[in-house]
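Here are my notes on the model you sent round. Please read them with the structure open.

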Amino acid sequence: MNGLDDRIYIEGGHQLKGSIRIQGSKNAALPMMAASLLHRGVSVLKGCPRIADVFCMEEILQNLGAVTWWENQDLYMDCENADKWSVPFLFTGKMRSSVILLGALLARNGKGSLGYPGGCVIGKRPIDLHLLVLRKLGAVITEEAGLLMAECPRLQGTVVSFPKRSVGATQQGILGAVLAEGKTVLENCAREPEIQWLCRYLRSMGAKIEGDGTDRICIYGVERLKAGSMQVPPDRIVAGTYICAAAITRSQITLENPPEGELEAFLEVYRKMGGQYKGNSGKLLVNGEHVQKPVELLETAVYPGFPTDLQSPVMAVLATVKGRSCIRENVFEDRYKAAQQLVKMGADIRVQGKEAVIHGGKEFHGAIVTAWELRGGAALILGALCAKGVTVLEGYSYVQRGYEHICQDLNTLGAAVKRMQE
Ligand code: UD1
């Protein structure tokens, strides 16, 4: 991509007002796309977000032999002839979550291979737990020259206790187990809503799964699955980001289709900052006018704890409220890339190891800043909304991996975000 195309320009200082719809969830859609491989026919995801990561997964499915097409916001995937079993590094290097395809490829073809996954630069992001669960299900996995090769004519039900909670590894286990022979019990599973969405989708295809949403999931393997069809739920992280946009500009906005009950830990922190909200006929009225209090300690954790994906957006907001706040990032070891860039805008944030100490209340001013990853990039856009003058954000393509139309949404609410400098 041409460097200039990868920039946006944000003129700060505009109050936000009005109403927006929340896009479909990236982290729900991607595993559902992988699950679609498990039916030899046409499945559909309604309200699927048109974002870079979804396009990347779509291209992978096409590369495996699937035919895909869009009808407005609905993504159709015909996996009847998706019989290739190898995903080249070209794709997996772009998007780490593509590793969950390994379980689906094994379940469908008895073998699968993947270039070693890449993705956001937010720490080591190992895949040992993914390999652990597939090996327990009977796969023989070898790694040679950056290529993972997994084989097993039919996966076998088993009991796996994860040594650590992982969203992706839990999904991997589920995708491997739904067509395995016999019963699989997964213990110490992650409980993120996206796991439940994947299980709902798989159940719509005929899978037998119990216990999703708890840390113990039971899967009774079936012989085959039928076509899947489901509405992708609203994206809880995008919703949280827009609530932060209201908070950082001290504005009132309405979310037309907020995620239900998935934002509790985030809303608790938002309330501590002085933020207000109210549900009204399925909508969420958000009032950020009174956001003014620091947060003594905000720790990220697995669900239902505070989501690591909203850590940087909230850090941007905390940098604008008077007083000392502290964040402790417990999920990823290198997720403070946005801090340094917010400092360029005038924030006072000091990062040491897992912790970021924020002395808030400083005035933000426009600057040239760079996004190094998706949610950090969104945090910089938030910072720019309340900065004096124009901010140039480089690396906008990272933000496009997860936000379908953040510029348009913010402009609808009264912000001034442009793709071109005028
Ligand atoms: C998913 C989300 C991501 C979110 C994260 C945590 C998707 C596509 N992405 O990522 O947006 O930030 O959950 O909520 O859904 N780990 C291991 N070994 C493994 C796998 C993970 O040690 O095999 C570690 C990771 O390095 C990390 C922690 O476990 O420290 C949690 O990662 P995990 O829950 O797996 O996150 P993802 O599924 O990659």
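The points below take up a surface patch, a helix pair, a buried helix and a loop proline.

1. First, a caution: this is a predicted model. Please keep that in mind for each point.

2. Look at the surface around Trp69. This residue sits in strand β4, which spans residues 67–71. Together with Val42 and Val67, Trp69 makes a nonpolar surface patch of about 240 Å². Trp69 has a relative accessible area of 31%, so it counts as partly exposed.

3. Next, the pair α1 and α7. Helix α1 covers residues 26–36 and helix α7 covers residues 193–204. Their axes lie 9 Å apart, at an angle of about 35 degrees. The crossing of α1 past α7 is right-handed. From α1, the contact uses Asn27, Ala28, Pro31, Met32, Ala35 and Ser36. From α7, it uses Glu194, Trp197, Leu198, Tyr201 and Leu202.

4. Which residues of α9 are buried? In this helix (residues 264–272), they are Ala265, Phe266, Leu267, Val269 and Tyr270. These buried residues pack against two helices, α8 (236–248) and α10 (311–318), and against strands β16 (276–280), β17 (283–287) and β18 (298–299). Just after α9, Gly274 has a positive phi of about 105 degrees.

5. Finally, Pro294. It lies in the loop that joins β17 and β18. Its relative accessible area is 32%, so Pro294 is partly exposed. Beyond its neighbours within four places in sequence, Pro294 is in contact with Leu318, Val321, Lys322, Gly323, Arg324 and Ser325. Pro294 and His359 are 65 residues apart in sequence, yet their C-alpha atoms are 8.9 Å apart in space.

Key: Residues numbered from 1 in each chain as written. Predicted model: local features only at pLDDT ≥ 70, side-chain atom pairs only at ≥ 80, totals over all residues. Heavy atoms only, no water. Patch = residues over 30% accessible without salt bridge, like charges linked within 9 Å, V, L, I, M, F, W, Y side chains within 5 Å. Areas by Shrake-Rupley, 256 points an atom, 1.4 Å probe, with all protein chains shown as cover. Salt bridge = Lys/Arg side-chain N within 4 Å of Asp/Glu carboxyl O. Helix = DSSP H or I, 4+ residues; strand = E, 2+ residues; numbered from the N terminus. Buried < 20%, exposed > 50% of the residue type's maximum accessible area, 1.4 Å probe, protein only. Axes fitted to C-alpha atoms, helices over the stretch in contact; angles between N-to-C directions. Left-handed = near helix turned anticlockwise from the far one by under 90°. Contact = heavy atoms within 4.5 Å.
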